[in-house]
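Trainee: Hi, do you have a minute to go through a model with me? I'd like to get a feel for how the chain packs.
Mentor: Sure, let's pull it up.

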Amino acid sequence: MIVVFPPSVRHEDSIAPSYYEDHLLERVSLLELRLSQMMKQIGMAYEFIQREAKSFQKDHVLLQSFFETLENVNPDFSHQLSRHCIELYDGKLEKLTAEDKFENELKLIFTSYDNKKPELFTHLIKEGIKLLEKNEEKQAFLNLERAALLSPKNVPLLFYIAKNQYKTDKFDAAKENLEKAFELEPQNLKVLLLLGAIYADEGEAEKARKLLSVLAHNPNATVAVNFIWGFLAAFEENWTESLAAFKESLNGQETPELYYLIGCVFLQLSCEQPALEYFEKAVSEDLRFADAWFMKSLIYKSLKKEKKEKQARQAALESKEAGAQCLEFMKGRELVEPETALPFQHLNKPNKRLLTNGSRRLNKFLREQIFKAIE
């Protein structure tokens, strides 16, 4: 604190007007009061934390004792209950995170609106969201599109509409909105990924690669981008590039879908032994992976190992995986083209989408990776 004395007393020794003394005393007293209040608050906070810590410690000891007792009585049930508790916690955490992201997304949409009639715009957005939650997509998109007409340069809104259209398989409408968003923000990474995925799905390889190449080294989009790139290379029958892309997509993760695809590409390259190894990895990660069992059976058939072939086919049937491609072939409804692995059978058929018309499981996996990257 700087104290300035008037000129009349500046050169006199040991003179300080009582006004300044009182002022300083008042300031010191105020500081002491605030410091005292702060210390009390810190003390209360410490007591609260200490009390909560003791309570948490007791709960932890009780839970530990409970699980140890249960482990001794029934180990299987103990593991199952423990896993269920972890899944429940992860689910709640994921839900809270999703809610926060959704609130931020809405905030971006509203802050990007700069025209008149904000009440109407807000009403249309909120009604559209409510209708989407009720699965009334047609009316929901009508409301959201009306909102977009009021704010035609609102990129967050265009992307929000396109994202939900993609979720409901309205690919043409999603592409139209994404192309508008791309013209306004050509460096928007979310737009690049989703639009690139739609172009790839339509077989527009060059357009897709142009957009996806920007995201090739983005850690959030690595899996989705290389997965799509692998299918584009398979569509062009460039199997070495496809293999490299799927391996890059794997990125050290133990993912049955990617193990399966890598095995299928090795089979296209006539490398049966490494293909078999990757199919083994796929089914070891998920015993209900019917298509991976089926592809194993084809290799055993080629190697003339009838017993193992029958075992693998039986495992594929017993998995009862909904939407598995192999079921159509094993029931005789479709004919297997022996020169083409199962997930690539549809690539050269007319009017077939490269990514969304193949395996239901692979389609679901890709969508999960795309939405993980954009949300």
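Trainee: Let me start with one side chain: is Arg353 buried or exposed?
Mentor: Arg353 counts as buried, because its relative accessibility is 18% and the cut-off for buried is under 20%. Keep in mind that this is a predicted model.

Trainee: Which side chain does Arg353 meet in a salt bridge?
Mentor: Arg353 pairs with Asp201, at 3.3 Å from N to O. Arg353 is in the loop between α16 (325-330) and α17 (360-374) and Asp201 is in helix α8, so the salt bridge ties together parts that are 152 residues apart in sequence.

Trainee: And Asp201, buried or exposed?
Mentor: Asp201 is buried too, with a relative accessibility of 2%.

Trainee: How many salt bridges are there?
Mentor: The count is 16. One of them joins Asp286 and Arg361, at 2.5 Å from N to O. That pair also links distant parts of the chain, with Asp286 in the loop between α13 (272-285) and α14 (290-302) and Arg361 in helix α17, 75 residues apart. Arg361 is buried at 15% relative accessibility. There is also a network, in which salt bridges with shared partners join Glu105, Lys163, Lys167 and Glu375.

Trainee: Let's step back. How many helices and strands does the protein have?
Mentor: It has 17 helices and 0 strands. Of its 375 residues, 38% are buried. Among contacts with a separation of 6 or more, 51% are between residues 24 or more positions apart.

Trainee: Can we zoom in on α9? Which of its residues are buried?
Mentor: In helix α9 (residues 205-212), the buried ones are Ala205, Ala208, Arg209, Leu211 and Leu212. They are on the same side of α9, because the arc they cover around the axis is only 165°. Glu206 and Lys210 are exposed on the face turned away from that buried side.

Trainee: What covers the buried side?
Mentor: The cover for the buried residues of α9 includes α7 (171-184), α8 (189-201), α10 (222-235) and α11 (239-250).

Trainee: An arginine is on that list. What does Arg209 touch?
Mentor: Leaving out residues up to four places away in sequence, Arg209 touches Trp229, Leu232, Ala233, Glu236 and Glu241. Arg209 also meets Glu206 in a salt bridge, at 3.8 Å from N to O. The two are 3 residues apart in α9, about one turn of the helix. Arg209 counts as buried at 11% relative accessibility, while Glu206 counts as exposed at 59%.

Trainee: On to the nonpolar side. Which residues touch the most other members of the largest nonpolar core?
Mentor: Those are Leu193, Phe231, Tyr260, Leu261 and Phe344, in a core of 78 residues. Helix α8 gives the most to this core, with 9 residues. Another core, of 17 residues, lies apart from it and includes Leu106, Phe141, Ala148 and Ile161.

Trainee: What does Phe231 touch?
Mentor: Not counting residues up to four places away in sequence, Phe231 touches Phe246, Leu261, Pro343, Phe344, His346, Leu347, Leu354, Leu355 and Leu362.

Trainee: Last one, the outside. Which residues form a nonpolar patch on the surface?
Mentor: Leu35, Met38, Met39 and Ile42 form one, with about 410 Å² of accessible area together. Met38 is in helix α2 (residues 18-73) and counts as partly exposed, at 44% relative accessibility. The protein's accessible surface is about 23500 Å², and 54% of that belongs to carbon and sulfur atoms.

Key
Residues are numbered from 1 along each chain as its sequence is written. This is a predicted model: local features need pLDDT of at least 70, side-chain atom pairs count only at pLDDT 80 or more; totals for chains, interfaces and linings use all residues. Side-chain values use heavy atoms; hydrogens and water are left out. Buried means under 20% relative accessible area, exposed over 50%, partly exposed in between (1.4 Å probe, protein chains only). Helices (H or I, at least four residues) and strands (E, at least two) are DSSP runs, numbered from the N terminus. The arc is that of the directions from the helix axis to the C-beta atoms. Contact means heavy atoms within 4.5 Å. A nonpolar core is a set of buried Ala, Val, Leu, Ile, Met, Phe, Trp, Tyr and Cys residues joined through side-chain atoms within 4.5 Å. Accessible areas come from the Shrake-Rupley method with a 1.4 Å probe; for residues, only the protein chains shown count as cover. Patches are made of residues with over 30% relative accessible area and no salt bridge: like charges are joined within 9 Å, nonpolar side chains (Val, Leu, Ile, Met, Phe, Trp, Tyr) within 5 Å. A salt bridge is a side-chain nitrogen of Lys or Arg within 4 Å of a carboxyl oxygen of Asp or Glu.
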